[in-house]
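Colleague: Could you take one part of this model and look at it closely for a first-year student? Please begin from a single residue and work outwards, explaining each term when it is needed.

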Amino acid sequence: DVKMITGDNVRTAAAIAGELGMGEDVMEGAEVEAMDDAELGEAVESVDVFARTSPEHKVRILRALQDNGHVVAMTGDGVNDAPALKNADIGVAMGQKGTDVAKEASELVLLDDSFPTLVDAVREGRTIYNNLKKTVLASMTTNGAELTTVLTGLAMIGLLGWGEWAIPILVIQILAIDLLA
């Protein structure tokens, strides 16, 4: 989900949100200020645009999202965004227009200041993560089968007194399986 949290005027935020198809429901920083943490936790689930927010409001909104179980990536370019960038799960600063303070507070810096670049990067990151999971699973499956085979052979040697010929798989065979699998 995408949420807009800005210090800009309510009308400006609503106009930009309308262009982006985010809806026109805008919550102001003063409303955030008046809410306790439980109320804010409920509000962040339904409101997508927050305007006239201070750095403290941004951090409260961020923490409310995190408390609701969301992993939060925060983008920003100014000194006012630095606290939220630092507290986000992933802080993303704008590389061209961003201040040095915002860049230092972030884990990532977008070199082209383009939100679609961030969306593409998240998509690529998820693909890489899924591929790594598949690779680790395949490796664990292969290594688990090898280990079971070797331990079975060793048990036969130890418990039943079989000779060394009872080892079902040799080291060179394990290496070959690992290289080919």
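**A lysine and its surroundings**

Modeller: Lys103 lies in helix H6. Helices (H or I, at least four residues) and strands (E, at least two) are DSSP runs, numbered from the N terminus. The model is a predicted one, in which local features need pLDDT of at least 70 and side-chain atom pairs count only at pLDDT 80 or more, while totals for chains, interfaces and linings use all residues. Residues are numbered from 1 along each chain as its sequence is written, and side-chain values use heavy atoms, with hydrogens and water left out.

How exposed is Lys103? Its relative accessibility is 26%, so Lys103 counts as partly exposed; buried means under 20% relative accessible area, exposed means over 50%, and partly exposed lies in between (1.4 Å probe, protein chains only). If neighbours within four places in sequence are set aside, Lys103 is in contact (heavy atoms within 4.5 Å) with Ala93, Met94, Gly95, Gly98 and Val109. Gly76 is 27 residues away from Lys103 in sequence, yet their C-alpha atoms are 8.9 Å apart in space.

Two of these contacts lead to the strands around the helix. Ala93 has Val109 as its bridge partner in E6, and Lys103 is in contact with both Ala93 and Val109. Strand E5 and strand E6 (residues 108–110) are paired in the parallel sense by three bridges; two strands pair if DSSP finds at least two bridges between them. Helix H6 (residues 100–105) joins E5 and E6 in a right-handed β-α-β unit. A crossover is right-handed if, with the strands pointing away from the viewer, the path from the first strand over the helix to the second runs clockwise.

Why is strand E5 (residues 90–94) described as largely enclosed by the rest of the structure? Four of the five residues of E5 are buried, and it is therefore largely enclosed. E5 also runs parallel to strand E4 (residues 73–76), to which four bridges join it. Among the partners across this pairing, Ala73 is matched with Ile90 of E5, and Thr75 with Val92. The side chains of E4 alternate: Met74 and Gly76 point to one face and are buried, whereas Ala73 and Thr75 point to the other face and are not. E4 and E5, with helix H5 (residues 82–87), make a right-handed β-α-β unit as well.

The loop between E4 and H5 brings in a charged pair. Side chains of opposite charge can pair when their charged atoms come close. Asp81 and Lys58 meet through their side chains in a salt bridge, with 2.6 Å from N to O; a salt bridge is a side-chain nitrogen of Lys or Arg within 4 Å of a carboxyl oxygen of Asp or Glu. This pair links distant parts of the chain, 23 residues apart: Asp81 is in the loop between E4 and H5, and Lys58 is in helix H4 (residues 55–67). Asp81 has 11% relative accessibility, so it counts as buried, and Lys58 is buried with a relative accessible area of 7%.

How many salt bridges does the structure hold? There are four. Another one of them joins Lys3 to Asp48, with the closest N and O atoms 3.0 Å apart. Lys3, in the segment before E1, and Asp48, in the loop between helix H3 (37–46) and E3, are 45 residues apart, and the pair links distant parts of the chain. Asp48 is partly exposed, its relative accessible area being 24%. A further salt bridge connects Asp120 and Arg123, whose closest N and O atoms are 3.1 Å apart. Both residues lie in helix H7, three residues apart, which is about one turn of the helix. Asp120, at 43% relative accessibility, counts as partly exposed.

The strands E1 and E3 mentioned above belong to a sheet. Three strands form this open sheet in the order E1-E3-E2, with parallel pairing. Strand E1 (4–5) and strand E2 (26–28) stand at the edges, each with a single partner strand, so one side of each is left without a neighbour in the sheet. Two bridges pair E1 with strand E3 (residues 49–51) in the parallel sense, and Ile5 stands opposite Phe50 in E3.
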